[in-house]
Amino acid sequence: KAQIEEALHGFSLDLRLITDSTNDKLKGDGFTHNKLVVAEYQSAGRGRRGRKWVSPLASNLYWSLGWKTQLPVQQLGGLSLIVGLAIVKALQQLGITGVELKWPNDIRYQGRKLGGILVELSGDMVGGLQVIIGVGLNVHMASNAAESIEQEWINLQELEPTISRQQLLITVIQCLQDYLERFSDGGFESFLSEWQRYDECLNKKVAILQGEDVINGIGAGVDANGAFLLQTGKGIKPVYAGEVSLRFR
Ligand code: ATP
């Protein structure tokens with residue numbers, strides 16, 4: 001714990017063996033300053049829209065960062081994208097390359113899911129927004145623990161056999177601190193070209209699903225607000241993360 005704390009500047013650390021979900025723990029406890037909650041097991045890990053995040057004991061990384069920001073909510077559109085970019089950068093520093101990002105919140109390797117990001121707003125907004133940035137990264141999850149995952153997934157250990165969860169956590173948080181600072185200063189716009197490098201959907205045939213509606217098109221990157229750009233027969237349509245899902249065709 002001391003080593004992790006030393007590596008984190010200005011964040012308090014709450015390390016626990018078990019929690020329901022690190023996002024919910026932060027939400028429940030609240031935070032007045034930047035705070036990191038890390039758990040070894042989540043009994044109710046979540047993805048978007050209440051989907052389950054499989055979180056077996058001592059296998060992966062599950063953490064949430066409570067981040068206070070003065071940015072207005074309209075400028076947070078690209079936040080989950082820059083969290084993904086910070087993770088890609090950290091993985092590169094640990095010798096892992098070839099990781100891609102699938103808008104808006106998936107971290108993938110050759111089409112297999114390595115991790116996910118869940119950004120939520122919390123608390124009242126007096127004196128700035130309280131943002132919860134939750135991340136799950138697969139490190140050495142046993143396949144029998146992951147039987148309920150209905151899509152292709154992969155462990156980081158497959159890409160880097162000597163990976164340590166502690167080193168991974170420290171590296172990711174340090175990169176994220178840098179990226180959050182840059183994001184606060186310059187918004188998402190300054191990350192656009194970096195996003196383009198790791199955008200798994202760029203120039204690919206994709207479908208945007210919204211309830212019963214399906215819009216087909218080709219991935220054309222993202223805009224300065226982090227909205228997905230879908231090239232359709234009628235031109236380029238920006239798509240906002242909220243209620244939509246993206247699938248390859
Ligand atoms: P969307 O594109 O709408 O975000 P998604 O399938 O990526 O869809 P998320 O909410 O991002 O959905 O993530 C939850 C999904 O991720 C689960 O439904 C499951 O299929 C998958 N999943 C759950 N746990 C893990 C895990 N540990 N590793 C990889 N994938 C997981």
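**Domains and ligand site**

The protein is divided into domain 1 (2-197) and domain 2 (201-248), with bounds that come from an automatic or database domain assignment. The model is predicted, so local features need pLDDT of at least 70 and side-chain atom pairs count only at pLDDT 80 or more, while totals for chains, interfaces and linings use all residues. Residues are numbered from 1 along each chain as its sequence is written, and side-chain values use heavy atoms, without hydrogens and water.

The C-alpha centres of domain 1 and domain 2 are 23 Å apart. Their contact (heavy atoms within 4.5 Å) involves 15 residues from domain 1 and 19 residues from domain 2.

Turning to the ligand, 19 residues surround it (a heavy atom within 4 Å). The closest are Arg48, Arg51, Lys113, Asn138 and Ser245. By class, this shell holds nine charged residues (Asp, Glu, Lys and Arg), alongside five polar and five nonpolar ones (Ala, Val, Leu, Ile, Met, Phe, Trp, Tyr, Cys and Pro), the others, Gly among them, counting as polar.

Polar contacts (here, pairs of N or O atoms within 3.5 Å) link oxygen atoms of the ligand to side-chain atoms of Ser245 at 2.5 Å, Lys113 at 2.8 Å and Asn105 at 3.0 Å. Of the 620 Å² of accessible area that the ligand has on its own, the protein covers 94% (Shrake-Rupley method, 1.4 Å probe).

Note on methods:
A polar contact is a pair of N or O atoms within 3.5 Å; within protein, one must be able to donate a hydrogen and the other to accept it, and residues adjacent in sequence count only if both atoms are side-chain atoms.
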